[in-house]
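Work through the exercises below with the sequence and the model open side by side. Try each task before reading its solution.

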Amino acid sequence: MRSSRRPRWLVPALLCALAVFAARPTETPGRSPARGGADPGVSAEVARLYEDAASATRQYEEGRRVAKAQRKRAGELEGLLDRERRQLAVLHEDLGRLARAQYRSGGDVPLSARVLLGDDPDALMRGQQARKQADTALNKAISKSRGAEARLGADEARAAAEWKALEKRNAELVELKSGIERKLEEARRRLQTQADTSAAAGTCRRAARLDQPDRSFTRAWVAPVEKYWLSARFGSGGSRWANRHTGQDFAVPIGTPVRSVGGGRVVDVSCGGAFGIQIVVAHPGGYYSQYAHLASVAVDQGDTVVPGQWIGQSGTTGNSTGPHLHFEVRVTPELGSGVDPVPWLAARGVHL
């Protein structure tokens with residue numbers, strides 16, 4: 001008769017087997033559903049500093065525009081001041097001429113004495129009337145001169161104050177911009193270091209959920225990055241590729257927000273290999289867009305995205321010679337089915 005007692009080793013063995021089974025990975029290596037390529041804190045810091053730097057740059061450019069306009073106004077004011085100086089000089093000459101005329105006519109002799117001593121009282125009275133008119137003209141000229149001097153001084157003081165304030169503001173903007181850029185460069189370095197570690201391991205970590213910019217897109221399609229210059233083009237040859245370049249490269253700094261070019265669903269987030277950290281989005285109509293050499297991802301596999309949504313940050317992971325975004329448009333999710341992205345986007349109203 002078989003005993004109903006279990007061997008003593010059976011229960012521990014079963015528990016160990018269950019633990020091993022539970023610990024087995026369920027994802028394909030390098031195809032983890034968006035565990036993120038970098039620390040979310042660093043990614044968020046880079047995104048925030050990127051926006052701060054963009055804002056500071058806009059303020060700086062506005063300050064340059066204001067400075068240019070102020071220089072123009074300063075030139076106009078300087079011309080006005082020159083005219084006022086010339087007019088004041090003319091007034092001073094008139095004052096000197098009137099003063100000399102009064103001195104020659106004996107303006108300091110009492111009128112009664114001149115009547116008694118004069119041969120022709122009528123002529124003397126006429127002369128006195130002329131001197132009164134000269135006195136009136138002299139007083140008006142003095143008053144006008146003093147007013148012109150006051151206006152000139154006020155205009156010069158205002159011009160100097162405005163220019164000093166403008167120079168101070170622009171200097172503050174330059175310092176602000178430089179400070180943000182220094183912080184951004186350091187954060188970008190840390191972001192790329194973490195991305196390189198993740199890509200080398202071939203294991204993606206969790207997505208770094210980024211605060212989306214306060215911008216709404218009315219168009220169905222947008223460029224994958226906001227500011228860029230185009231580098232390697234689709235179909236170009238070179239030693240860096242086995243055959244031909246399969247996408248369009250956008251040269252941008254590390255940490256630049258990468259946007260989904262259109263609405264769709266994230267079908268792949270992977271790390272490692274030639275493309276480093278990459279995202280593939282499926283769009284209506286049977287097309288797919290790929291974003292490669294990233295420093296971080298901000299979406300998970302299976303997420304729905306809208307046009308212009310930040311889905312990651314650019315970097316230089318994988319087979320990359322410098323910071324840029326490698327962008328492809330494909331007819332399947334896989335490499336080798338790409339079409340030229342530039343005319344494809346142009347047909348949808350996005351001209352690079």
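The exercises go from the whole chain to strands, rings and cores, and the model they use is predicted.

**Exercise 1. Take stock of the whole chain.**
Task: State how many helices and strands the protein has, and what share of its residues count as buried.

Solution.
- Step 1. Count the elements: the protein has 5 helices and 10 strands.
- Step 2. Turn to burial. Of the 352 residues, 37% count as buried.
- Step 3. Look at the surface. The accessible area is about 20700 Å², and carbon and sulfur atoms hold 55% of that area.
- Step 4. Check the contacts. Among those with a separation of 6 or more, 72% join residues 24 or more positions apart.

**Exercise 2. Place strand 2.**
Task: Find which strands pair with strand 2, and decide whether its faces are covered or open.

Solution.
- Step 1. Start with strand 1, residues 229-230. Strand 1 runs antiparallel to strand 2, and 2 bridges join them. W229 has A251 as its bridge partner.
- Step 2. Go on to strand 9, residues 325-330. Strand 9 is antiparallel to strand 2, with 3 bridges. Here Q248 has F327 as its bridge partner.
- Step 3. Recall the general pattern: side chains in a regular strand alternate between the two faces of the sheet.
- Step 4. Apply it to residues 248-251. Q248 and F250 lie on one side, D249 and A251 on the other. These residues are all buried, and both faces of strand 2 are covered.

**Exercise 3. Trace the neighbours of strand 6.**
Task: Identify the strands that pair with strand 6, and give a residue pair for each.

Solution.
- Step 1. Strand 5 pairs with strand 6 in the antiparallel sense over 6 bridges. V280 stands opposite Q290. The two strands form a hairpin with 3 residues between them. In the turn, G285 has a positive phi of about 100 degrees.
- Step 2. Strand 9 is also antiparallel to strand 6, through 5 bridges. A292 stands opposite H326.
- Step 3. Strand 8, residues 310-314, adds an antiparallel pairing with 3 bridges. S296 stands opposite Q313.
- Step 4. Check cover. Of the 11 residues in strand 6, 9 are buried.
- Step 5. Inspect H293, which is in strand 6. H293 has a positive phi of about 65 degrees, although it is not a glycine. Most residues other than glycine have a negative phi. H293 counts as buried because its relative accessibility is 4%, under the 20% cut-off.

**Exercise 4. Read the aromatic pairs.**
Task: Describe the geometry of the pairs W221–W344 and Y228–F250, and say where their residues lie.

Solution.
- Step 1. The whole structure holds 5 aromatic pairs.
- Step 2. Take W221 and W344. Their centres are 5.2 Å apart, the planes make 80 degrees, and the pair is edge-to-face. W221 is in the loop between helix 4 and strand 1, while W344 is in helix 5, 123 residues away. Both W221 and W344 are buried.
- Step 3. Take Y228 and F250. This pair is edge-to-face too, at 5.1 Å centre to centre and 80 degrees between the planes. Y228 lies in the loop between helix 4 and strand 1 and F250 in strand 2, so the pair ties together parts 22 residues apart in sequence.
- Step 4. Compare cover. Y228 is partly exposed at 28% relative accessible area, whereas F250 is buried at 0%.
- Step 5. Extend the group: Y228, F250, Y291 and F327 form one aromatic cluster.
- Step 6. Add the charge. R348 lies over the face of W221, 5.7 Å from the ring centre. The charged end of R348 also sits over the ring of W344, at 3.9 Å from its centre.

**Exercise 5. Map the nonpolar cores.**
Task: Name the residues of the largest nonpolar core that touch the most other members, and find which element gives the most to this core.

Solution.
- Step 1. The largest core has 40 residues. I279, Y291, L294, I311, L325 and F327 touch the most other members.
- Step 2. Elements that supply at least two residues each include helix 2, strand 4, strand 5, strand 6 and helix 5. Helix 4 gives the most, with 6 residues.
- Step 3. Zoom in on L325. Beyond its neighbours within four places in sequence, its contacts include P224, V225, F250, V258, Y291 and L294.
- Step 4. Note a second, separate core of 5 residues, with L77, L81, L88 and L152 among them.

Methods. Residues numbered from 1 in each chain as written. Predicted model: local features only at pLDDT ≥ 70, side-chain atom pairs only at ≥ 80, totals over all residues. Heavy atoms only, no water. Helix = DSSP H or I, 4+ residues; strand = E, 2+ residues; numbered from the N terminus. Buried < 20%, exposed > 50% of the residue type's maximum accessible area, 1.4 Å probe, protein only. Contact = heavy atoms within 4.5 Å. Areas by Shrake-Rupley, 256 points an atom, 1.4 Å probe, with all protein chains shown as cover. Pairing = 2+ DSSP bridges. Phe/Tyr/Trp six-rings, centres within 6.5 Å; stacked < 30°, edge-to-face > 60°. Lys NZ or Arg CZ within 6 Å of the ring centre and 35° of its normal. Core = buried A, V, L, I, M, F, W, Y, C linked by side-chain atoms within 4.5 Å.
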